[in-house]
Amino acid sequence: MIFKNSQQDVNIEESNDIKVVSLKISGGADSAIVGYMLSKYVSKERPDIKIIPLTTNHPSKPYQGVFAPRIINFYKETFGEHIFGKHYINNVEVMNTNEDYINAQFDNFLNANANENIQRNYSGITSNPPLDIVDTFRNKEGKLINGPCDNRNGKNFPVLNNGSWRHLTNIDKKGVAELYETLGVMETLFPLTRSCEEHTMDFSSHCNNCWFCKERFWGFGRYI
């Protein structure tokens with residue numbers, strides 16, 4: 001199933017032997033649209049595939065355990081519950097580095113895989129905005145704000161990497177926003193997502209000042 005995009009088309013297609021796939025779903029806009037496209041493909045063309053959602057609830061990003069289930073419920077209401085398996089959420093008490101987060105995500109995958117025999121993984125990693133745009137992401141004191149620590153600059157990354165589909169790896173937030181528009185879910189799915197990584201008591205709003213808020217507004221022209 002091909003989803004047209006001006007930056008790079010998204011082609012979701014699995015061979016007939018693939019029956020179980022996992023979806024890393026954080027509650028953010030990127031993984032949410034990947035999950036939507038995957039759910040549409042499975043419901044329309046491959047109902048024999050089971051989708052296993054995976055969420056790691058980072059102690060400094062605890063919104064993930066709140067927003068990810070809402071998004072999964074949206075998929076179920078739109079495409080049916082029958083294409084989904086158990087939603088695996090691991091709550092981690094201490095994470096001091098990004099490596100801790102990556103390791104916790106892998107632990108969650110291993111736990112799910114032991115029960116589900118996952119054959120393929122889907123994630124929502126995107127390309128960063130152009131460097132001249134990123135250079136404008138500064139705090140109130142004018143200092144450059146740090147973004148993702150992994151390399152997300154460039155447009156020539158492989159879409160399939162070590163058994164994991166990264167269909168958005170060469171698409172930035174403006175391209176992600178385009179997918180929301182073309183799929184008609186800007187007013188339904190997008191408001192269910194959160195990009196802000198500032199801790200708040202109830203996650204009722206975005207801080208508008210962190211790197212991820214600035215990227216979200218650059219891509220979508222709105223926070224919610």
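A polar contact is a pair of N or O atoms within 3.5 Å; within protein, one must be able to donate a hydrogen and the other to accept it. Keep that in mind for the exercises below, and remember that the model you're looking at is predicted.

**Exercise 1. Find the loop that holds N170, then work out what its side chain reaches.**

Solution.
- Start with the place: N170 sits in the loop between β8 (164–165) and α5 (173–182).
- Next, check the cover. The relative accessible area of N170 is 4%, and the cut-off for buried is under 20%, so N170 counts as buried.
- Now look for partners. The N170 side chain comes to 2.8 Å from the backbone nitrogen of F157.
- There's another one: a polar contact of 3.5 Å links the side chains of N170 and Q8.

**Exercise 2. Get an overview of the chain: how many helices and strands are there, and in what pattern do they come?**

Solution.
- Count the elements and you get six helices and eight strands.
- Walk along the sequence and the pattern reads β-β-β-α-β-α-β-α-β-α-β-β-α-α.
- Then try the overall build. The radius of gyration is 17 Å, close to the 17 Å that the globule rule gives for 224 residues, so the chain is as compact as a globular protein of that length.
- Along the principal axes, the C-alpha trace spans about 55 × 40 × 30 Å.
- As for cover, 49% of the 224 residues count as buried.
- Finally, take the contacts with a separation of 6 or more: 74% of them come from residues 24 or more positions apart.

**Exercise 3. Take strand β4 (residues 50–57) and find which strands join it by bridges.**

Solution.
- Begin with β3 (residues 20–24): it runs parallel to β4, and five bridges join the two. In this pair, V21 stands opposite I51.
- Go on to β5 (residues 88–91), which is also parallel to β4 and is joined to it by four bridges. Here L54 faces Y88.
- How does the chain get from β3 to β4? Helix α1 (residues 29–44) belongs with these strands, and together they make a right-handed β-α-β unit.
- β4 itself is mostly covered, with seven of its eight residues buried.
- Compare the side chains along β5. In a regular strand they alternate between the two faces of the sheet. In β5, Y88 and N90 point to one face and are buried, while I89 and N91 point to the other and are not.

**Exercise 4. Find the largest nonpolar core and say which helix gives it the largest share.**

Solution.
- As background, nonpolar side chains tend to be buried together in soluble globular proteins.
- The largest core here has 41 residues, and I33, Y36, M37, Y75, L168, Y180 and L189 have the most contacts inside it.
- Elements that each supply at least two of its residues include β3, α1, α2 (64–79) and α5.
- The largest share, nine residues, comes from α1.
- Zoom in on M37: leaving out residues up to four places away in sequence, it touches F3, V10, I12, L168, L179 and L183.
- Don't miss the second, separate core of nine residues, which includes V134, C210, F212 and W218.

**Exercise 5. Follow α5 from end to end, then see what F220 contacts.**

Solution.
- At the N-terminal end, D172 acts as the cap: one of its side-chain oxygens is 3.0 Å from the backbone nitrogen of K174.
- Within α5, the buried residues are K173, G175, V176, A177, L179 and Y180. They pack against β1 (2–3), β2 (10–11), α1 and α6 (211–220).
- After the helix comes G184, with a positive phi near 75°.
- Now switch to F220, which lies in α6. With a relative accessibility of 10%, F220 counts as buried.
- List the contacts of F220, leaving aside neighbours within four places in sequence: A29, K173, V176, A177, Y180, M186 and F190.
- One last distance: F220 and E178 are 42 residues apart along the chain, and their C-alpha atoms are separated by 8.6 Å.

Conventions. Residues numbered from 1 in each chain as written. Predicted model: local features only at pLDDT ≥ 70, side-chain atom pairs only at ≥ 80, totals over all residues. Heavy atoms only, no water. Buried < 20%, exposed > 50% of the residue type's maximum accessible area, 1.4 Å probe, protein only. Pairing = 2+ DSSP bridges. Right-handed = clockwise from strand over helix to strand, strands pointing away. Core = buried A, V, L, I, M, F, W, Y, C linked by side-chain atoms within 4.5 Å. Contact = heavy atoms within 4.5 Å. Rg over C-alpha atoms; globule rule 2.2 N^0.38 Å.
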